[in-house]
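Please look over the sequence and the predicted model below. The paragraphs after it go through ring contacts, sheets and enclosed spaces in turn.

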Amino acid sequence: GAGLVPSAHAEEPKNYTGATDVVSKGELSGETSFTATLKYADPHPIASGFEGVATALPKPGETIGLGGHLYTVGDEPSYLMRGSVPAWRELSLESTDGEDVRQLEQSLKELGFFNAEPDAHFNWTTHWAVVNWQKSVGLVRNGVLPLGRLVFENGDLRVGSSSARVGNRVSTGQALYTATSTSQVVDAQVGLSDQGLAAVGGKATLHLPDGTTTTGTIASVGAPVDKTSRGSGGQGSTTRVIPIQVTPNDANAVAKWQEVQITLGLASEKKEDVLSVPVGALLALDPKTFGVEIVKKDGTTQRVPVTPGLFAAGRVEVSGDGVHEGDRVAVPEQ
């Protein structure tokens, strides 16, 4: 029958129809943020190997690969070859054995001109490979490579800013432009108190300027250096920081940026087997107490007090008698 409805029921909330999320149990890892710079790695000058007037220079942003043309001074062009030992002498049949000869033969092999096994000895096979390469780039075919003709680098180069213009007189050893590698790195500095977060091989999160995130790996951790920052009153304060470098795991994710400030997140605290809810589910029940709104199976809701713990990646650790794994909690509409 339709008995009298107790007046207490009039206070009951209507069935909840808003957005919900789940109280989940698992690992929560916090993140400490640092300001960082995403940029191309290994900036260094490309210097002229010849004296005279600069007659050809590459454009900033250009990529130069194996065998590529680096610059021309007068009618003397210079070309990029692979290797870690710098070019330091003329190479010809007169040359003594050396690692630079091996690098030359390996590079000419990759370019399709040398078909023996590369070694440290400049012989007639090397001579004819050089002659055929000289023919392909329009040089005098004499098998002699003067110092300056070749630049040995470990990989492809990306051209940066110029310090000389076509038409300038340049001397041997003068910087013509800055080049970098074609891969990007993230440079950051962490305070001494945060040095425990920075270990080579550690994971990092890169928060890019357009709001997307990608991951990286800590590649190097330097020795502490002094960093001076100017205060508002012109007073300088010096702190000790540790420079770190992070390599992005996905080169494509960062490809459209160059020289930008980003936020670098390093995993700080980690907790296993904790209950957590989305940060948006936290309510202030009163000035000192936080809570969440549990949505029961019948659609009614109940506010229960919780103690917040670690905040991480949009979630917050919660503990309290009224909250259990799998409970549904009310969250703001997206």
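W133 has a relative accessibility of 3%, so this residue counts as buried, the limit being under 20%. Its ring partner Y79, at 7%, counts as buried too. How far apart are the ring centres of Y79 and W133, and at what angle do their planes stand? The centres are 5.1 Å apart and the planes are at 85 degrees, so the pair is edge-to-face, since planes over 60 degrees apart fall in that class. A pair of aromatic rings is described by exactly these two quantities, the distance of the centres and the angle of the planes. The contact links distant parts of the chain: Y79 belongs to strand β7 (residues 76-82) and W133 to helix α2 (residues 124-137), with the two positions 54 residues apart in numbering. In total, the model has 2 aromatic pairs. A ring also takes part in a contact of another kind: the charged end of R158 sits over the ring of Y40, at 4.1 Å from the ring centre.

Strand β7, which holds Y79, is part of an open sheet of 5 strands. The order across this sheet is β8-β7-β6-β4-β10, and the pairing is mixed. Which strands form its edges? They are β8 and β10 (169-170), each of which pairs on one side only. At the β10 end, strand β4 (residues 52-56) runs antiparallel to β10 and is joined to it by 2 bridges. Within this pairing, V53 stands opposite R169.

Another open sheet has 4 strands in the order β3-β11-β9-β5, with antiparallel pairing. Its edges are β3 and β5 (63-64); each has a single partner strand, so one side of each is left without a neighbour in the sheet. Between these edges, strand β9 (residues 157-162) and strand β11 (residues 175-181) run antiparallel and are joined by 4 bridges. One point of reference is L157, whose bridge partner in β11 is S181. R158, the residue whose charged end sits over the ring of Y40, falls within the range of β9.

Further along the chain, strand β16 (residues 236-248) pairs in the antiparallel sense with strand β12 (residues 184-191), over 6 bridges. V186 of β12 has V246 as its bridge partner in β16. Strand β15 (residues 225-230) is also antiparallel to β16 and is joined to it by 6 bridges; here V225 is matched with V241. β14 pairs with β16 as well, in the antiparallel sense over 5 bridges, and in that pairing T217 stands opposite T247.

The remaining topic is empty space. Rolling a probe the size of a water molecule over the atoms shows where such space is left. The largest pocket holds about 470 Å³ and has a lining of 25 residues, with P86, A87, V151, F152 and E153 lying nearest its centre. Which strands each supply at least two residues of this lining? They include β3 (44-47) and β8 (150-153). Both have appeared above as edge strands, β8 in the sheet of 5 strands and β3 in the sheet of 4. By class, the lining of this pocket is made up of 12 nonpolar, 10 polar and 3 charged residues.

The second largest pocket has a volume of about 180 Å³. Its lining has 13 residues, and those nearest the centre are S29, E31, K203, T205 and A267. At least two lining residues come from each of β2 (24-40), β13 (203-207), β14 (213-221) and β17 (260-278). The lining divides into 4 nonpolar, 7 polar and 2 charged residues. β14, one of these strands, is also a partner of β16.

How many cavities of 30 Å³ or more are there? The count is 1, and the volume of this cavity is about 50 Å³. Residues of its lining include A87, W88, R89, L91, D100, L145, P146, R149, L150 and F152. Of these, A87 and F152 are also among the residues nearest the centre of the largest pocket. The cavity lining comprises 8 nonpolar, 1 polar and 3 charged residues.

Terms used:
Residues numbered from 1 in each chain as written. Predicted model: local features only at pLDDT ≥ 70, side-chain atom pairs only at ≥ 80, totals over all residues. Heavy atoms only, no water. 1 Å grid on protein atoms, 1.4 Å probe; cavity = no way out; pocket = protein on both sides within 12 Å on 5 of 7 lines; lining within 4 Å. Points joined across faces, edges and corners; volume = space filled by probe spheres on them. Nonpolar A, V, L, I, M, F, W, Y, C, P; charged D, E, K, R; others polar. Pairing = 2+ DSSP bridges. Phe/Tyr/Trp six-rings, centres within 6.5 Å; stacked < 30°, edge-to-face > 60°. Buried < 20%, exposed > 50% of the residue type's maximum accessible area, 1.4 Å probe, protein only. Lys NZ or Arg CZ within 6 Å of the ring centre and 35° of its normal.
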